[in-house]
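Dear colleague,

I am passing a structure on to you with this message, and below it you will find an account of what came out of going through the coordinates. Please read the two side by side.

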Amino acid sequence: ARSRFHKLAGSAATICAHQVRAYFLSFERSLMEDPPDVATCLVRTKVGLDAFEQLALEIQTIVEEK
């Protein structure tokens, strides 16, 4: 999971989706702790989903403008 969050953070950075990138990096950091901080991951889920929703709206706006 850490590896996937790391890769997703890189992909988000590529398209300048900074909030989404921060979300993935926070998950990655939480999972790097010993033991993994699963409780924090669960709390951050809502924030991450909100960031995804905002990104989807922004992408839709760009697509509709073309």
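In which helix is Ser30 found? The model is a predicted one, and in it Ser30 belongs to helix H2. Ser30 is buried, since its relative accessible area is 2%, and once its neighbours within four places in sequence are left aside, Ser30 is in contact with Pro36, Asp37, Thr40, Cys41 and Arg44.

To set that residue in its context, here is the chain as a whole. The chain contains three helices and zero strands, so that the order of elements, read from the N terminus, is α-α-α. Along the principal axes, the C-alpha atoms fill a box of roughly 50 × 20 × 15 Å. The chain has 66 residues, of which 26% count as buried, and its accessible surface comes to about 5,000 Å², with 60% of that surface belonging to carbon and sulfur atoms. If one takes the contacts between residues at least 6 apart in sequence, 38% of them join residues at least 24 apart. As for charge, the chain carries 8 positive and 9 negative charges, and the mean positions of the two sets are 7 Å apart.

Helix H1

Helix H1 covers residues 2–14, which makes 13 residues, and the distance from its first C-alpha to its last is 19 Å, close to the 18 Å expected at 1.5 Å a residue. Its buried residues are Phe5, Ala9 and Ala12. These buried residues line one face of the helix, because they fall within an arc of 65° when H1 is seen down its axis. What do they pack against? Their partner is helix H2, residues 18–32. On the other side of H1, Arg4, Lys7 and Thr14 are exposed.

Two residues of H1 may be worth looking at individually. Phe5, which is placed in H1, counts as buried because its relative accessibility is 17%, where the limit for buried is under 20%. Apart from neighbours within four places in sequence, Phe5 is in contact with Phe24, Phe27, Glu28 and Leu31, and its C-alpha atom is separated by 9.0 Å from that of Tyr23, a residue 18 places away along the chain. Arg4, also found in H1, counts as exposed because its relative accessibility is 65%, and its C-alpha atom is separated by 8.9 Å from that of Phe24, with the two residues 20 apart along the chain.

Helix H2 and its partners

Helix H2 has 15 residues, which should span 21 Å at 1.5 Å a residue, and its end C-alpha atoms are indeed 21 Å apart, so the expected and computed values agree. The buried residues in H2 are Val20, Tyr23, Phe24, Leu25, Ser26, Phe27, Glu28, Ser30 and Leu31, and the buried residues of this helix pack against H1 and also against helix H3, residues 38–65. One residue to note in H3 is Lys46, which is exposed, given its relative accessible area of 52%. The C-alpha atoms of Lys46 and Arg21 are separated by 15 Å, although the two residues lie 25 residues apart along the chain.

Two backbone features in the loops

Which backbone details deserve a check against the general pattern? Most residues other than glycine have a negative phi, and most peptide bonds are trans. Cys16, which lies in the loop between H1 and H2, has a positive phi of about 60° although it is not a glycine. The same residue, Cys16, counts as exposed because its relative accessibility is 54%. In the loop between H2 and H3 one finds Pro35, and the peptide bond that joins Asp34 and Pro35 is cis, with omega at about 5°.

With regards

Technical notes
Residues numbered from 1 in each chain as written. Predicted model: local features only at pLDDT ≥ 70, side-chain atom pairs only at ≥ 80, totals over all residues. Heavy atoms only, no water. Helix = DSSP H or I, 4+ residues; strand = E, 2+ residues; numbered from the N terminus. Expected span 1.5 Å × (residues − 1). Buried < 20%, exposed > 50% of the residue type's maximum accessible area, 1.4 Å probe, protein only. Arc of directions from axis to C-beta. Contact = heavy atoms within 4.5 Å. Areas by Shrake-Rupley, 256 points an atom, 1.4 Å probe, with all protein chains shown as cover. Lys, Arg positive; Asp, Glu negative; His and termini not counted. Charge placed at Lys NZ, Arg CZ, Asp CG, Glu CD.
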